[in-house]
Amino acid sequence: MADTAHFTPRVFSGIQPSGNLHLGNYLGALKRFSDAQNNGIESIYCMVDLHAITVWQNPEDLRRATRELCAGFIASGIDPEKSILINQSQVPEHAQLAWIFNCVARMGWMQRMTQWKDKAGKNQQNASLGLFAYPSLMAADILIYHATHVPVGEDQKQHLELTRDIAAKFNHDYGVDFFPLTEPVIEGAATRVMSLRDGSKKMSKSDPSDMSRINLTDDADAIASKIRKARTDPDALPSEVEGLKDRAEARNLVSIYAALADQEISAVLAEVGGKPFSEFKPMLADLAVAKLSPISTEMTRLMQTPDEIDRILGNGAARARAIAAPILAKTYDIVGMIKS
Ligand code: TRP
């Protein structure tokens, strides 16, 4: 069966526009995308608004969150000229291919998805049909561009395996070698950013305490004060990585520092080992303000010019459609639709 070897390398990834972008989104996704931007591979980054509505969204909140996410991508360094930045619903080929994939994927495959089981909860009968078909739309997002590399967090690995299953079944059922079997590019665990109030919980947009997270729109004062008030233990920092075992809060602050400074955790500890938090926190606050407040300023500026955002998304959609339309046309042809 086909691997990706004879397909042109192309990166695709998507993020849900769910509001309140925070440091976890930045270090886990946005910064990595931006760091990878100069590797010469064509990259498409997508705000997945069609995925967002698999659970109820207030329409005005959704529009705002989509623009905020676009501003977040750009403020984090994604250049909309170099990469292709799109909003999913503005490239209708995603939804069109998703329908074909709904007819390729099997009910049993979808039922095994852990995200479906988690999100639908006990009352599956009352979940939307879209939530059930979520992974099929995700496969379409990727395969409508014949994307070969998909950087995602560990939690999306199962959906990427399903994407390969859909590609393989399509290729097999129609006797073609048309869709690539996409490689997941799973991000390391080091950038799992935890809550500033509880080192055992992920930093989350839905935590009721705003002090638990650094929002990408926080200004310098807010960033510094949240770090100053972050929960810690009373001990000084260790000089070896093993010393962070069982010290969730210390580990979190050190890994945030390492990620922002583009250093290994061990290199950070070699520098700060032995220091008390009263010395380390101001160092972290300075670094975080230096790295994050320009992002916050740029996001705030962009959010005040929604027309500029919409223009960027319009351009992105046109460039994306130039890639997607021929792949959809070929798919329709393979399946037996009449050419129009
Ligand atoms: N499901 C992904 C998430 O929740 C978002 C997503 C949608 C995505 N389509 C995608 C990620 C395609 C990578 C590729 O994180």
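In the predicted model, eleven aromatic pairs are counted. One of these joins Phe 101 and Phe 179 in an edge-to-face arrangement, with 5.4 Å from centre to centre and 75 degrees between the planes. The pair links distant parts of the chain, since Phe 101 belongs to helix 4 (residues 93–102), whereas Phe 179 lies in the loop between helix 8 (157–173) and strand 5 (183–186), 78 residues apart. Phe 101 and Phe 179 are both buried, and together with Phe 170, Tyr 174 and Phe 178 they form one aromatic cluster.

A further aromatic pair, formed by Tyr 257 and Phe 280, is tilted, with 5.5 Å between the centres and 45 degrees between the planes. Tyr 257 is located in helix 10 (residues 248–261) and Phe 280 in helix 12 (residues 277–303), so this pair ties together parts that are 23 residues apart in sequence. Tyr 257 and Phe 280 are likewise buried.

Phe 280 also appears in the largest nonpolar core, which comprises 55 residues and in which Leu 23, Tyr 26, Phe 73, Leu 260, Phe 280 and Leu 292 touch the most other members. Helix 12 supplies the largest share of this core, ten residues, and at least three residues come from each of domain 1 (10–192 + 305–335) and domain 2 (210–301). For Tyr 26, when neighbours within four places in sequence are set aside, the contacts are Lys 31, Arg 32, Ser 76, Leu 216, Leu 260, Leu 292 and Ile 295. Apart from the largest core lies another, of 47 residues, including Ile 44, Met 110, Ala 147 and Leu 160.

Technical notes: Residues numbered from 1 in each chain as written. Predicted model: local features only at pLDDT ≥ 70, side-chain atom pairs only at ≥ 80, totals over all residues. Heavy atoms only, no water. Phe/Tyr/Trp six-rings, centres within 6.5 Å; stacked < 30°, edge-to-face > 60°. Helix = DSSP H or I, 4+ residues; strand = E, 2+ residues; numbered from the N terminus. Buried < 20%, exposed > 50% of the residue type's maximum accessible area, 1.4 Å probe, protein only. Core = buried A, V, L, I, M, F, W, Y, C linked by side-chain atoms within 4.5 Å. Domains from an automatic or database assignment. Contact = heavy atoms within 4.5 Å.
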